[in-house]
Amino acid sequence: KIVSEPGLMKRTTSEDENQPHKKQCTEHDKEWKAVLINHTVRDVLAKRKQDLITIDHHTTLGNAMTILKEKNILSLPVVDEKEKKFLGFVDVLDIADFVLATWKLVSASMDEHHFPTKDVFSAPVVKILNISHVNQPSYIEENATISDLIDKFLDRKNYYRLHRLAVTDKKGDVVDVISQSDVISFVKEHLDTLPAHKKDLKLGLMSGLLRSPLMVRIDSPFVDALEVLCRNKISGLALIDHEFKLSGNISVSDLRGMNPLAFDFFNGSTLQFMAKGTDSPMKVTQSLGPGNTFGETIERLATERIHRIYITGDSGHPVGFVSLIDVIARLK
């Protein structure tokens, strides 16, 4: 029997024909669900090699940036060491907001030949704690399940999606931090358990997965690119050439390597800033095509330790991107 749907002709199948596939999907779904409820936050953290790094609230912004760069991390828990109290996180987006605000303030009050100096980075980190409003302290107990952890990251009560959570012990003391990246690494280790109807689905067929990327020309002033990042509270921005082909990615993490002359290049091109205004090495921009699968996306994100991956068409134009939270939202 042939039935017609809009734009599609297909053969109907009997209920008996579908039973083996349904049974297999059900078994795989149950197996994956068991992974999510039988593993805890503590299990994820046990796989991570790096110990918890904290800084005191009197630490200078410059020293914090050095630690972020050397440890290749995007955020640091800030504590009052005297009071033994967790205060929150300082994140690369906080640094971006502070740097941009400082640039605007100085640019408005002086002529174009004056720039903020390296003394800007002598400010204590407590001054910029969560000024980006994306790092409101949120907590999860170390014995919570991965299923609970996913729910916490997707909690709609938070205006901005959480990037990380403070992990507490039974007494309520903060003992560690868990991030979206940790979740992706966990999923990669259990990718063989992820049901095939999720893992093998092609990106171009996953409704609502691909989001349109924000883009700037690679020759656009760096300060304009920074403005886009801060205004939209995003960590990365696609760089395109004059033919609108994907040429690179600029990330707020690049600000970790800002050198004393960085402000001199704010009005120059983004490419110039990346080459001369920061000591952070330029990385190869990762991309996939609509024909790649959800499972391949997870593997690439985890292996390359990146937070977004661009999807390009045959012409090289960026047609979408997938972030860590986009993947996390489709794990249950």
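Here a biologist and a modeller talk through strand 4, its neighbours and the nonpolar cores of a predicted model.

Biologist: Before the details, how many helices and strands are there in the protein?

Modeller: There are 11 helices and 14 strands. The protein has 332 residues, and 47% of them are buried.

Biologist: What makes strand 4 count as mostly covered?

Modeller: Buried means under 20% relative accessible area, and 6 of the 6 residues in strand 4, residues 75–80, are buried. S75, P77 and V79 point one way, while L76, V78 and D80 point the other way, and all are buried. That goes for both sides of the strand, then.

Biologist: How do you know that strand 3 and strand 4 pair?

Modeller: Pairing takes at least two bridges, and strand 3 (residues 55–56) shares 2 bridges with strand 4, in the parallel sense. So the pair qualifies under that cut-off. As an example, D56 has V79 of strand 4 as its bridge partner. Between these strands the chain passes through helix 3, residues 61–71, in a β-α-β crossover.

Biologist: Why is this crossover called right-handed?

Modeller: Point the strands away from you: a clockwise path from the first strand over the helix to the second is what earns the name. The crossover from strand 3 through helix 3 to strand 4 is right-handed, so its path runs clockwise in that view.

Biologist: And what about strand 4 and strand 5, in which sense do they pair?

Modeller: Antiparallel, over 6 bridges, with strand 5 covering residues 85–91. Since pairing needs at least two bridges, this one qualifies as well. V78 stands opposite G88 in strand 5. The hairpin has 4 residues between the strands, and K84 takes a positive phi near 55 degrees there.

Biologist: What makes the largest nonpolar core a core?

Modeller: Its members have to be buried residues of the nonpolar kinds, joined through side-chain atoms within 4.5 Å. The largest set has 44 residues, and V99, L226, M258, F266 and F273 touch the most other members. Strand 4 is one of the elements that supply at least two residues each, as are helix 3 and helix 8. Helix 4 gives the most, with 8 residues.

Biologist: Which residues does V99 touch?

Modeller: Leaving out residues up to four places away in sequence, V99 touches F121, L226, M258, F263 and F266. Apart from this core lies another one of 39 residues, including V35, L324, I325 and L331.

Biologist: Last one: how much area does the protein expose?

Modeller: About 17500 Å², with carbon and sulfur atoms supplying 50% of it.

Notes: Residues numbered from 1 in each chain as written. Predicted model: local features only at pLDDT ≥ 70, side-chain atom pairs only at ≥ 80, totals over all residues. Heavy atoms only, no water. Buried < 20%, exposed > 50% of the residue type's maximum accessible area, 1.4 Å probe, protein only. Contact = heavy atoms within 4.5 Å. Areas by Shrake-Rupley, 256 points an atom, 1.4 Å probe, with all protein chains shown as cover.
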